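Here's a quick briefing to read alongside the model. Have the structure open and follow along topic by topic.

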Amino acid sequence: MTEEEKGLSRRKMIGYGWIAATAIVIGELIGGTLAFLWPKVRGGKAEKLLIAGKVDDFPVGKVVLFRKEKVFINRMDKGFLAFSAICTHLRCIVRWTEAKNVFECPCHGAKFNAVGEVLEGPPPRPMDIYPIEIVEDKIVVDTNRAIQRKKFNRSQLVSA
């Protein structure tokens, strides 16, 4: 019997197997690289409204954290402010320190006052705020629309 009549030899079969394995590995590397470099397309943002509670549930001078939504609500004498709990420097989660009356970022020691203005540290701007509406005596915060600002302005307060 000649080699042509014999069919596929063991040596050729192993060679084809190595070629196939190499092609699969190269394909996965190329696919993984493209998936990493290609921007992720996210669907349109659904409306995210936080119904924080009744106006009377928030005493004046009290800052309340909504951990899941990453939102602080501060009730002041003249109205309400809703802050993003995300630091404007490196996007760490800030915490409210009631004893010092400041928001503190644990990453780089940034401090913000009760209206979100930078007191010290590296953040480039004050804390972002969210639009608030008072609907049927309830506080409704639109967490889809973070508003960047340069400084605090009394017009940012929402009266009850």
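Keep in mind that this is a predicted model. A good place to start is the hairpin: S10 and strand S11 (residues 138–142) run antiparallel to each other and share four bridges. From there we'll go out to the rest of the sheet, then over to the cysteines.

**The S10–S11 hairpin**
- Two residues sit between the strands of this hairpin, and Glu 136 has a positive phi there, near 50°.
- Val 135 faces Lys 138 of S11 across the pairing.
- Ile 134 has Ile 139 of S11 as its bridge partner.

**The sheet around it**
- The hairpin belongs to an open, antiparallel sheet of three strands, ordered S1-S11-S10.
- Strand S1 (49–54) and strand S10 (132–135) are the edges, each pairing on one side only.
- On average, neighbouring strands in this sheet are turned by 25° against each other, ignoring direction.
- S11 also pairs with S1, antiparallel and through five bridges.
- On that side, Gly 53 is the residue opposite Ile 139, while Ile 134 is the bridge partner of Ile 139 from the hairpin.
- S11 is largely enclosed by the rest of the structure, because four of its five residues are buried.

**The disulfide**
- How many disulfides does a search of the whole structure find? There is one, and it joins Cys 92 to Cys 107 with an S to S distance of 1.8 Å.
- The torsion about that S-S bond is about -105°, so the disulfide is left-handed.
- It ties together distant parts of the chain, with the two cysteines 15 residues apart. Cys 92 lies in the loop between strand S4 (79–84) and strand S5 (95–97), and Cys 107 in the loop between strand S6 (102–104) and strand S7 (111–112).
- Cys 92 is buried at 14% relative accessible area, whereas Cys 107 is partly exposed at 38%.

**The cysteines to check by eye**
- Cys 87 is in no disulfide, and the nearest cysteine sulfur to it belongs to Cys 105, 3.8 Å away.
- Why no bond between them? A disulfide here needs sulfur atoms within 2.5 Å, so the 3.8 Å between Cys 105 and Cys 87 is too far.
- Buried or exposed, then, for Cys 87? Cys 87 is buried, at 2% relative accessibility.
- Cys 105 is buried too, with a relative accessible area of 5%.

Notes:
Residues are numbered from 1 along each chain as its sequence is written. This is a predicted model: local features need pLDDT of at least 70, side-chain atom pairs count only at pLDDT 80 or more; totals for chains, interfaces and linings use all residues. Side-chain values use heavy atoms; hydrogens and water are left out. Two strands pair if DSSP finds at least two bridges between them. Axes are lines fitted to C-alpha atoms, for helices over the stretch in contact, and angles run from 0 to 180 degrees between N-to-C directions. Buried means under 20% relative accessible area, exposed over 50%, partly exposed in between (1.4 Å probe, protein chains only).
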